[in-house]
Structures are given as structure tokens and as C-alpha cells.
Amino acid sequence: MARVLISGITGQDGSFLAESHLESGDEVHGLVRQSSLLQRTRLDAVPALVNARALSRLKLHYADLSDTSSLVSVLRNVRPDLVYHLAGQSHVKISFDLPEYTADSTGLGTLRLLESMRHVVPDCRFFLAATSEIFGEAKESPQNERTPMNPINPYAAAKVYALNLVRIYRSAYGLFACAGILFNHESPRRGENYVTRKIARGVASIARGRQTELHLGTLTPKRDWSYSPDVVEGMRLVVSAAKADDYVLASGVSHSVGEFCEAAFRIVGLDYRKHVVLDPNYVRPVDITETLGDASKARSELGWAPKTGFDELVRIMVDAELAELDARGDAA
Ligand code: NAP
Ligand code: F7E
């Protein structure tokens, strides 16, 4: 039984990762930050899939990425074998509004956690959720582990810093520090202000007669979208590899935001062109035209490949929103 510590356990990936390790019989510890409400909706989904005995192996600890002493204290108490570092401000557009907070939580937060680990649990394995955003408007397609970093927003710049720290702590101190260079991955647990969840919610709401329009910034950018549980499976393989290294986790297929809309509206028999309204409020100062990942290193060295294709992902997300609306029984 491994002792696993997850920062960002209340997020999309953190909740799937917690579930996956609980199902493997591990002891799972999560860092949670202070908030005025105790509702943690993604974690509430966990009990549906694991039994009560497994839930007794889930423990939450208050800590904050801005408070080094809280991180040291949790590491001392838990003495984890594995740390997954998923927490931080990770919305690209919001990083233009909160550049300093993004640098502090996503960039310096990683430094604080690595430095605390180096002193308290130097033999513990560390996984960073890095991002395809580090490549910016990439000079080559598809992007792999050797593609030059060229960040174009504050979030990406903070993740470049975090990824460089992982490489430094690996080479300078011999820490087992590794990273997944994660391309977009989605699920019904995705944050509501990311485009796929926003579209899925909009489609369900329009299909049930609760609204008529869906406001989006642009339809042209293309993203390499995967299903979050597939990527979480990849994270587990990266952190349990024989050697600490960095791996791209991506589907290798790219679709535009417009194609996501088309597929999602088609599921409920509607034409997206009649409902999508372009709204400048959601346009970014700069945006990446296309991301496309080459996960061949993860495939050949770790045996990882995503199982869920684009059409299935869209269906999973739309069906979940329809089911939630119908369960609430408040369709107009
Ligand atoms: P998410 O759903 O937005 O979850 C973010 C988590 O970080 C939440 O648990 C949140 O806690 C926590 N958090 C945020 N700021 C914090 C702070 N200052 N101190 C402590 N905790 C904080 O993100 P996700 O989609 O699961 O992504 C997980 C990680 O993968 C992130 O690091 C993200 O940058 C990276 N990533 C994601 C994708 C993707 O497509 N999903 C792609 C590439 C990389 P609260 O619940 O309290 O808000
Ligand atoms: O945008 C466009 C938007 O916010 C996708 C994060 O997990 O993946 C994610 O970052 C695309 C962009 O994700 C709206 O301009 C159009 O081109 O869902 P998103 P993202 O910015 O790609 C990377 C890999 C991460 O690491 C990040 O943490 O969709 N778009 N209209 C819109 N996006 C949003 N959110 N809202 C719109 O109305």
C-alpha cells in the first residue's frame, strides 16, 4: 500500500487520481485550501465509485501553496511515497487578469513544494502536471518532449518555470521528480469556465429549453483533447517508471472549438450555427492557434495510449449535463 499525497485533489484530475489510487488499495492524502464553503463537488463523486472501506483511506489536510510551513507540516505528518502536484491557478485567460497570483501559485508554489520535499522526504517521488501551453505558438507540429518552450501567457510562463524546477531538482539533488506534459483533457468534472464544459452545459440547457444562445469567444483554435481519466492513468505510469523523466500525454488528434460545438449540438439534434454567438468578452489577448501532441515516447516506454476518442468524449460530456439537468427536474 503506497501513501499518496495529491495537491489539487478537489480538481478534475485530482478527484480521478484519488479514486484510482483508492481503488488500488492505497492511502490517499489531499491538500485542501481554506474556503468559506465545505462543498467539494468533485470529491463527492468519489464515494459513488469506491466503497466505504476505501473512503476511510482518504484524508484531507489544510495547506496552501503560498504557505511553506503548511506544506512542510503535511509532509512531516504524512511522509508520502508519492506526491502528485496538480494545484494552482490554471485558467489561461484568467492568468492575464491575475498574473502575479498565477506566478505565485503555479510557479513559486511548485518551488515551495519541491524545496520542502527535498528537506523532509527526499526519497519521495514527485509528479508535476506540466502543460502543452509551454510550447506556445509552436514552431513544429506535432509537439514532443524536445519541442522548444515558447510561452505566450502568464500561466504558461509559470508552468515553464515549474517544469524547469522539476528538471533542476532531478539533476542537482537526484530527486525522483518527473512531469507529464499534458495536452487538454476534459470530463464532466472539468471546471465550468473551460470551453468543453461550457459547450456541454450550454447544449444541455438549450436542448431542455432553458436558454437559446451560447456565448463563446472564438471557434477557430484547435486543441488536442483527451479524456481526463485516460490522462490520469498516464500520470500513474509516469510516476512509477524505472527512471524519472518527462512525457507528453496527448491524443495526437486536433479539433477546432467549432468542431466540438458541431459534435455536441448534433447529439441533441441541433445545429450549432443557430445558437452560438461570438462574444468579445471571451476573447484572449493572444491565443494558441493549434496544439497537437506526439505521445510516442509515453507509448513506447510506458505502454500508455488514450482509450477514449473525440466523439466519445463529447458524448460523455453532453450526456452527463443532460442527466444532471433531468435529475434536478427543473427543465423549462
Ligand atoms: P482544476 O480542476 O482547475 O483543479 C485545480 C486544483 O488546484 C483545485 O483542486 C484547486 O482547489 C487547486 N488550487 C488552485 N489554486 C490553489 C492554491 N493557491 N492553493 C492550493 N490549491 C489550489 O485543474 P485540472 O484540470 O484538474 O488540472 C490539474 C493540473 O493539471 C493543473 O495544474 C493544470 O495546470 C494541469 N493541466 C491541466 C490540463 C487540462 O486540460 N485539464 C492540461 C495541462 C495541464 P479548489 O478546488 O480549492 O479551487
Ligand atoms: O480554451 C477557446 C480558447 O479555456 C480552449 C487548461 O486546462 O488546457 C487548458 O487551457 C480554447 C482556447 O482551455 C471560449 O480561446 C473560445 O483557444 O478550454 P480552454 P485552454 O486555454 O486550452 C491547457 C493545456 C492547460 O494547461 C490549461 O490549464 O477555446 N475558447 N471561446 C474559449 N475558451 C473558454 N474558456 N471560454 C470561451 O468562451
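**Exercise 1. State which helices and strands each supply at least two residues of the shell around ligand 1, and which one gives the most.**

Solution. Helix H1 (12-23), helix H6 (99-120), strand E5 (125-131) and helix H7 (154-173) each contribute at least two residues to the shell around ligand 1. The structure is a predicted model. Among the elements of this shell, E5 gives the most, with three residues.

**Exercise 2. Describe the surroundings of ligand 1: its nearest residues, the classes of its shell, its polar contacts and its cover.**

Solution. Step 1, the nearest residues. There are 25 residues around ligand 1, and those that come nearest are Thr 10, Asp 13, Arg 33, Leu 86 and Tyr 155.

Step 2, the classes. The shell around ligand 1 consists of nine nonpolar, eleven polar and five charged residues.

Step 3, the polar contacts. The cut-off for a pair of N or O atoms is 3.5 Å. In the side chain of Lys 159, an N or O atom is 3.0 Å from an oxygen atom of ligand 1. For Arg 42, a polar side-chain atom lies 3.2 Å from an oxygen atom of ligand 1. Gly 88 takes part through its backbone, where a polar atom is 3.3 Å from an oxygen atom of ligand 1.

Step 4, the cover. On its own, ligand 1 has 910 Å² of accessible area, and the protein covers 86% of that.

**Exercise 3. Determine how H6 and H7 are arranged with respect to each other.**

Solution. Step 1, the geometry. The axes of H6 and H7 are 8 Å apart, and the two helices pack at an angle of about 15 degrees.

Step 2, the class. Angles under 35 degrees count as roughly parallel, so H6 is roughly parallel to H7.

Step 3, the hand. The crossing in which H6 passes H7 is right-handed.

**Exercise 4. Carry out the same kind of analysis for H4 and H6.**

Solution. Step 1, the geometry. H4 and H6 cross at roughly 40 degrees, and their axes come within 9 Å.

Step 2, the class. An angle that falls in none of the roughly parallel, roughly antiparallel or roughly perpendicular ranges counts as oblique. H4 and H6 are therefore oblique to each other.

Step 3, the hand. H4 and H6 make a right-handed crossing.

**Exercise 5. Describe the surroundings of ligand 2: its nearest residues, the classes of its shell, its polar contacts and its cover.**

Solution. Step 1, the nearest residues. Ser 90, Thr 131, Tyr 155, Arg 284 and Asp 287 come nearest among the 23 residues around ligand 2. Tyr 155 is also listed among the residues that come nearest to ligand 1.

Step 2, the classes. Nine nonpolar, eight polar and six charged residues make up the shell around ligand 2.

Step 3, the polar contacts. A polar backbone atom of Ser 90 is 2.6 Å from an oxygen atom of ligand 2. From the side chain of Asp 287, a polar atom lies 2.6 Å from an oxygen atom of ligand 2. Lys 198 has a polar side-chain atom 2.8 Å from an oxygen atom of ligand 2.

Step 4, the cover. Of the 700 Å² of accessible area that ligand 2 has on its own, the protein covers 96%.

**Exercise 6. Locate Pro 142 and Arg 79, and describe the backbone geometry at each.**

Solution. Step 1, Pro 142. This residue is in the loop between E5 and H7. The peptide bond that joins Ser 141 to Pro 142 is cis, and its omega is near 0 degrees.

Step 2, Arg 79. The loop between helix H4 (68-78) and strand E4 (82-85) holds Arg 79. Although Arg 79 is not a glycine, its phi is positive, at about 45 degrees.

Technical notes:
Residues are numbered from 1 along each chain as its sequence is written. Chains are lettered from A and ligands numbered from 1 in the order in which they are written. This is a predicted model: local features need pLDDT of at least 70, side-chain atom pairs count only at pLDDT 80 or more; totals for chains, interfaces and linings use all residues. Side-chain values use heavy atoms; hydrogens and water are left out. A residue is near a molecule or strand if one of its heavy atoms lies within 4 Å of it. A polar contact is a pair of N or O atoms within 3.5 Å; within protein, one must be able to donate a hydrogen and the other to accept it, and residues adjacent in sequence count only if both atoms are side-chain atoms. Accessible areas come from the Shrake-Rupley method with a 1.4 Å probe; for residues, only the protein chains shown count as cover. Helices (H or I, at least four residues) and strands (E, at least two) are DSSP runs, numbered from the N terminus. Ala, Val, Leu, Ile, Met, Phe, Trp, Tyr, Cys and Pro count as nonpolar, Asp, Glu, Lys and Arg as charged, and the others, Gly among them, as polar. Axes are lines fitted to C-alpha atoms, for helices over the stretch in contact, and angles run from 0 to 180 degrees between N-to-C directions. Angles under 35 degrees count as roughly parallel, over 145 as roughly antiparallel, 65 to 115 as roughly perpendicular and the rest as oblique. A crossing is left-handed if the near helix is turned anticlockwise from the far one by less than a right angle, and right-handed if clockwise.
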